[in-house]
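Subject: Structure for you to look at

Hello,

Here is the structure we talked about handing over. Please open it first and then read the notes underneath.

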Amino acid sequence: MKFETRKEEIIKVAATLFKEKGYSAVTMRDIAAEMGMKAASLYNHISSKQHILKDIIIKLAEEFTTGLTQIKNSKATSLEKMQAIVALHIKITSSNTDGMASLNNDWMHLEEKLEYYLKLRSDYEDDIRVIIKDGILKKEIADVSVDVILFSMLSTLRSLYLWIPKKDDLHPEKLTKDLSKVLISGVNK
């Protein structure tokens with residue numbers, strides 16, 4: 001059983017506050033109060049609110065990048081890779097909905113790591129485009145706009161953090177199957 005360090009606990013609490021109030025509205029005092037400690041004590045574990053945001057967003061972005069690299073380099077078909085991307089988003093999002101809120105809503109507040117994050121995000125989207133284009137060439141995916149397919153998938157997957165917490169009976173495998181069917185195959189019978 002893995003126990004959280006105090007720093008990990010602070011980051012987790014901060015992510016929840018960022019989701020509830022928005023990054024800009026949360027202060028280090030708010031985080032400290034939620035932790036039941038004085039703000040000065042908080043600085044023994046975390047140097048700044050910016051540091052917390054960076055930890056949340058960069059960790060998640062790198063997790064997505066690592067997962068997609070494995071998917072992209074696999075021997076799976078393009079459709080299987082697309083389904084694996086859906087599964088990746090469900091897995092990461094369902095284990096950290098609060099952090100995903102920061103990834104989606106607060107990334108623009110990153111300071112020194114903003115360019116790095118934007119590069120990760122751009123490369124991630126480009127890698128999915130490559131999978132889609134390959135699927136179109138191999139006639140596994142319908143020959144429609146790559147950007148429309150990408151936008152349709154990612155707009156749904158990026159908003160899962162809003163939907164998943166409302167589902168008490170979430171079964172990741174079933175959600176992956178159902179969401180893959182809708183996003184990849186459509187709703188035609």
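The notes below go from the whole chain to one helix pair and then to single residues.

This is a predicted model, in which local features need pLDDT of at least 70 and side-chain atom pairs count only at pLDDT 80 or more, while totals for chains, interfaces and linings use all residues. Residues are numbered from 1 along each chain as its sequence is written, and side-chain values use heavy atoms, with hydrogens and water left out.

The whole chain

The protein chain has 10 helices and 0 strands (DSSP runs numbered from the N terminus: H or I of at least four residues for helices, E of at least two for strands). Its C-alpha atoms fill a box of roughly 60 × 40 × 30 Å along the principal axes. Of the 189 residues, 40% are buried (under 20% relative accessible area, with exposed meaning over 50% and partly exposed in between, using a 1.4 Å probe and protein chains only). The accessible surface comes to about 11,100 Å², and carbon and sulfur atoms hold 54% of that (Shrake-Rupley method, 1.4 Å probe).

One helix pair

Two packed helices are described by the angle between their axes and the distance between the axes. Helix α4 (residues 49–72) packs against helix α6 (residues 97–105) at an angle of about 95°, and their axes are 9 Å apart (axes are lines fitted to C-alpha atoms over the stretch in contact, and angles run from 0 to 180 degrees between N-to-C directions). α4 is therefore roughly perpendicular to α6 (65 to 115 degrees; under 35 is roughly parallel, over 145 roughly antiparallel, the rest oblique). On the α4 side the contact (heavy atoms within 4.5 Å) is made by Leu53, Ile56, Ile57, Leu60, Ala61 and Phe64, and on the α6 side by Gly99, Met100, Ser102 and Leu103. These residues divide into 8 nonpolar, 2 polar and no charged (Ala, Val, Leu, Ile, Met, Phe, Trp, Tyr, Cys and Pro are nonpolar; Asp, Glu, Lys and Arg charged; the others, Gly among them, polar).

The core and two residues

The largest nonpolar core (buried Ala, Val, Leu, Ile, Met, Phe, Trp, Tyr and Cys joined through side-chain atoms within 4.5 Å) has 56 residues. α4 gives the most to this core, with 10 residues. Isoleucine 85, one of those with the most contacts inside the core, touches residues including Leu68, Tyr124 and Met153.

Is threonine 97, in helix α6, buried or exposed? Threonine 97 counts as buried because its relative accessibility is 16%. Leaving out residues up to four places away in sequence, threonine 97 touches Lys19, Tyr161, Ile164 and Pro165.

Regards
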